[in-house]
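User: Could you take a close look at the salt bridges in this model and walk me through their surroundings? I would like the cut-offs spelled out along the way.

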Amino acid sequence: MSVNTYDPLDTNVVVNNTILTGFADGTFINVERDEESYTAHVGAKGEVARARNANKMGKITVTLSQDSPSNSILSKMARGKNTFSVSVVDQNFGSTSGGNDCWIEKLPNLEFGKEISEREWIIVVPVLEIDE
């Protein structure tokens, strides 16, 4: 039996060939499709069929620390009219996710307090490729 080791330093988000930095503590990347891959149908006598969903749209949520230099990069992209590419590269286990023609859903909420807060950036990916 072998023991696997996960190192967050070996997981990167690349936006338009720029590696984002300054992630918040905890879950700092979330990759998720908008809809289920299949929809089940059960007939009156219990026969089961499924329909494949062609919608591959999804979102990549990146949580940065308030003081991250990447906030200004994403802020400029959110205000711009151009789309961009994004990829999540996990060198620990060799998985990649991402796509092209992406945009930022909205500017993140801003919180200010005694401690450094977080900025949650939601990147919309029209065709989210997930390779595990």
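Analyst: Here is a walk through the salt bridges, followed by some other local features.

A word on conventions: this is a predicted model, in which local features need pLDDT of at least 70 and side-chain atom pairs count only at pLDDT 80 or more, while totals for chains, interfaces and linings use all residues. Residues are numbered from 1 along each chain as its sequence is written, and side-chain values use heavy atoms, with hydrogens and water left out.

**The salt bridges**

Searching the whole structure gives 2 salt bridges, a term that stands for a side-chain nitrogen of Lys or Arg within 4 Å of a carboxyl oxygen of Asp or Glu. One of them links Asp34 and Lys59, at 3.8 Å from N to O. Asp34 sits in the loop between β3 (29-33) and β4 (38-42), and Lys59 belongs to strand β6 (residues 58-65), so this contact ties together parts that are 25 residues apart in sequence. Strands here are DSSP runs of E with at least two residues, helices are runs of H or I with at least four, and both are numbered from the N terminus.

Lys59 also forms a salt bridge with Glu105, where the closest N and O atoms are 3.5 Å apart. Because Glu105 lies in the loop between β8 and β9 and Lys59 in strand β6, this pair ties together parts that are 46 residues apart in sequence. Through shared partners, the salt bridges join Asp34, Lys59 and Glu105 into one network.

How covered are these side chains? Asp34 has a relative accessible area of 36% and is partly exposed. Lys59 is partly exposed at 27%, and Glu105 is partly exposed at 38%. The scale is simple: buried means under 20% relative accessible area, exposed means over 50%, and partly exposed lies in between, with a 1.4 Å probe and protein chains only.

**Around the loops**

The loop between β3 and β4 also holds Glu36, which is exposed, with a relative accessible area of 62%. Glu36 and Lys56 are 20 residues apart in sequence, and their C-alpha atoms are 9.2 Å apart in space.

In the loop between β8 (95-104) and β9 (118-125) you will also find Glu111, exposed at 51% relative accessibility. Together with Asp25, Glu118 and Glu120, Glu111 forms a negative surface patch. Such patches take residues with over 30% relative accessible area and no salt bridge, joining like charges within 9 Å and nonpolar side chains (Val, Leu, Ile, Met, Phe, Trp, Tyr) within 5 Å. Asp and Glu count as negative and Lys and Arg as positive, with His and the chain ends not counted. Each charge is placed at NZ of Lys, CZ of Arg, CG of Asp or CD of Glu, and the areas come from the Shrake-Rupley method with a 1.4 Å probe, where only the protein chains shown count as cover for residues.

**Backbone and rings**

Most residues other than glycine have a negative phi. Asn16, although not a glycine, has a positive phi of about 50 degrees, and Asn17 has a positive phi near 65 degrees. Asn16 lies in the loop between β1 (11-15) and β2 (18-19), as Asn17 does in the loop between β1 and β2. Asn16 is partly exposed at 40%, whereas Asn17 is exposed at 74%.
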